[in-house]
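Biologist: Please show me the model. I would like to go through its architecture with you, one question at a time.

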Amino acid sequence: MPYAVFRVAKIKTQAQALAATGHNYRQAQHPHAIGNADKEAPHPNREYVNHEQKDYWSLLEARIKEAGVKRVRHDSVRGMEVILTGSPEGFVRNKDGRAADYSKSKWAQDNLNFLKEKFGAKNVVSFTLHQDEKTPHIHAVLAPITEKNTLSADQLFNPKSLRQLQTDYAQAMAPHGMERGVEHSQAKHDPVQRLYGLEAQHAQRVVELTRAPAPMLAFQLSDPPLLRRDEWKAGEEARINAELARQAEAARAQLAEAVKLAQANTAAVEQVRVLQKQLRTAEGLKQGNFIGLREATKRVEVSDQTFDKMAVRYAQGEDLADLREFGATIRGQERAELTRILEQTLAKPVKDAADFVAKLKDAGYQAQASEPGKVVFTHEQTGAKFLTTEIRPNGQAIGPQLTAAIERTQQQFLRQSQSKSRSRGLGR
């Protein structure tokens, strides 16, 4: 089911107000703000309130004066710009992906009525429908004036009230087939420009991962010599095996990335789903990418299904050799990293065993006794476990090196204490 989208942004300065005016009314002096607009859009944009298209700063200042607001600080929020729309699939489209004309629709009128009922008709100083971008959407400008005629964006648009606004707006849009997003979601509502960038990166990576592999070059054998053919054969076999190993390593690397993406997806399913909805909405506001977005979404769904199948196969007891090899590779990397961290830690002052354990924890490793005389190091992020017998920093066992580090630290401390005592004695 499509999502109802309700976003707000503060207008604190005249420059912000004029920039918003230029963008929303497609003014020629603001060409940078209308790069996504389609000059050949089949349906018109429409202003429902500010018919003379006055600049927003003048409108807000006039409304504040009319309301008799007594206290207006220089840094007060003068206005709020509200974007009202829905995810792209919520709008009627033709076979080319273009949306129908919503300029005289009940959807547009219901949006206007919603803002007037919530904030007061006089406080809605502008209400503009854009239809020259991919998905119809509305830019409304509100004066945040309370029922007591005070100017307070914090009172009207705080986290609690915004959550309720999201719920109320979804209810108002329910007759148009739209629903609310996930309430109390931890996913952040990123700025639209950031979402554009994330979607572009995501789409590019999807294309790269799903692109058909380049055809492999046929092996070209050198002409066999008349003599020493056994050596020639061994050399050719070694060359062919090296090339096969290179190709296999490239395939494993691609699998590793796919597994990482799948693991990230399952670690934050709700966040991923909400972000995907946000990305669809941001992309839907851009012109000319509806079909490509739909295809990219299908590829993401296929990727999720592939990971689900892999998990089921593992649960059924299948030996997933590629996945096992990938895990072994990651474990090997973590073992080398742990060795490096141990070498660095043992070279520095270590007060005692507890201090040593605390330093490893700061580096992301838990150290726990598994049985008398043995310790297990666990990497907190990946869960990789290593016995002390597996790790040999500086090519030696850990125990004697730790004892030596503690003794060295104690001797340094003793020398420093003696030096301070002598200094105090000379000062008397």
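The questions below go from overall make-up to sheets, cores and salt bridges.

Biologist: What kind of model is this, and how many helices and strands does the protein have?
Modeller: It is a predicted model. Both element types are present in the protein, and the secondary structure comes to 12 helices and 8 strands.

Biologist: What share of the residues counts as buried?
Modeller: Buried here means under 20% relative accessible area. The protein has 428 residues, and the share that counts as buried is 36%.

Biologist: How much of the exposed area do carbon and sulfur atoms supply?
Modeller: The protein exposes about 26400 Å². Of that area, carbon and sulfur atoms supply 53%.

Biologist: Among contacts between residues at least 6 apart in sequence, what percentage joins residues at least 24 apart?
Modeller: A contact needs heavy atoms within 4.5 Å. Among the contacts in question, the percentage that joins residues at least 24 apart is 69%.

Biologist: Which strands stand at the edges of the open sheet of 5 strands?
Modeller: The sheet has antiparallel pairing and the order 1-3-5-4-2. An edge strand has a single partner strand, so one side is left without a neighbour in the sheet. That description fits strand 1 (4–11) and strand 2 (46–47).

Biologist: Which residue of strand 5 stands opposite L84?
Modeller: Strand 3 (residues 79–86) runs antiparallel to strand 5 (residues 137–142), and 5 bridges join them. Opposite L84 stands I138.

Biologist: Which strands does helix 3 touch as it packs on the sheet?
Modeller: The direction of helix 3 makes about 160° with that of strand 4. Strand 4 is one of the strands it touches; the full set is strand 1, strand 3, strand 4 and strand 5.

Biologist: Which strands does helix 5 lie across?
Modeller: Helix 5 spans residues 159–173. It runs at about 135° to strand 1. The strands it lies across are strand 1 and strand 3.

Biologist: Which element supplies the largest share of the largest nonpolar core?
Modeller: This core has 27 residues; F6, L84, W107, L115, F127, L142 and Y169 touch the most other members. Strand 1, strand 3, helix 3, strand 4, strand 5 and helix 5 each supply at least two residues. The largest share is 6 residues, and it comes from helix 3.

Biologist: What does F6 touch, not counting residues up to four places away in sequence?
Modeller: F6 is among the core residues that touch the most other members. With those close in sequence set aside, its contacts are V82, I83, L84, F114, L115, L165, Q166 and Y169.

Biologist: How many residues make up the other core, which lies apart?
Modeller: L342, A367, F377 and I391 are among its members. The core comes to 17 residues.

Biologist: What is the average twist from one strand to the next in the open sheet of 3 strands?
Modeller: The order is 6-7-8, with antiparallel pairing. Strand 6 (365–371) and strand 8 are the edge strands, each pairing on one side only. From one strand to the next, the twist averages 25°.

Biologist: Which residue of strand 7 stands opposite A367?
Modeller: Strand 6 and strand 7 pair in the antiparallel sense over 6 bridges. The residue opposite A367 is F377.

Biologist: Which strands does helix 11 touch?
Modeller: Helix 11 packs on the sheet, and its direction makes about 130° with that of strand 6. The strands it touches are strand 6 and strand 7.

Biologist: Is D355, the salt-bridge partner of K359, buried or exposed?
Modeller: D355 and K359 lie 4 residues apart in helix 11 (residues 353–362), about one turn of the helix. Their closest N to O distance is 2.8 Å. K359 is partly exposed at 29%. D355 has a relative accessible area of 17%, so it counts as buried.

Biologist: How far apart in sequence are the parts that E380 and K361 tie together?
Modeller: These side chains form a salt bridge, with the closest N and O atoms 3.5 Å apart. E380 lies in the loop between strand 7 (374–379) and strand 8 (385–387), and K361 in helix 11, so the pair ties together parts separated in sequence by 19 residues.

Biologist: Are E66 and K122 buried or exposed?
Modeller: The two side chains meet in a salt bridge at 3.9 Å, N to O. E66 is in helix 2 (residues 56–67), and K122 is in the loop between helix 3 (106–119) and strand 4 (124–130). Relative accessibility is 51% for E66 and 57% for K122. The cut-off is over 50%, so both count as exposed.

Definitions and conventions:
Residues numbered from 1 in each chain as written. Predicted model: local features only at pLDDT ≥ 70, side-chain atom pairs only at ≥ 80, totals over all residues. Heavy atoms only, no water. Buried < 20%, exposed > 50% of the residue type's maximum accessible area, 1.4 Å probe, protein only. Areas by Shrake-Rupley, 256 points an atom, 1.4 Å probe, with all protein chains shown as cover. Salt bridge = Lys/Arg side-chain N within 4 Å of Asp/Glu carboxyl O. Pairing = 2+ DSSP bridges. Axes fitted to C-alpha atoms, helices over the stretch in contact; angles between N-to-C directions. Core = buried A, V, L, I, M, F, W, Y, C linked by side-chain atoms within 4.5 Å.
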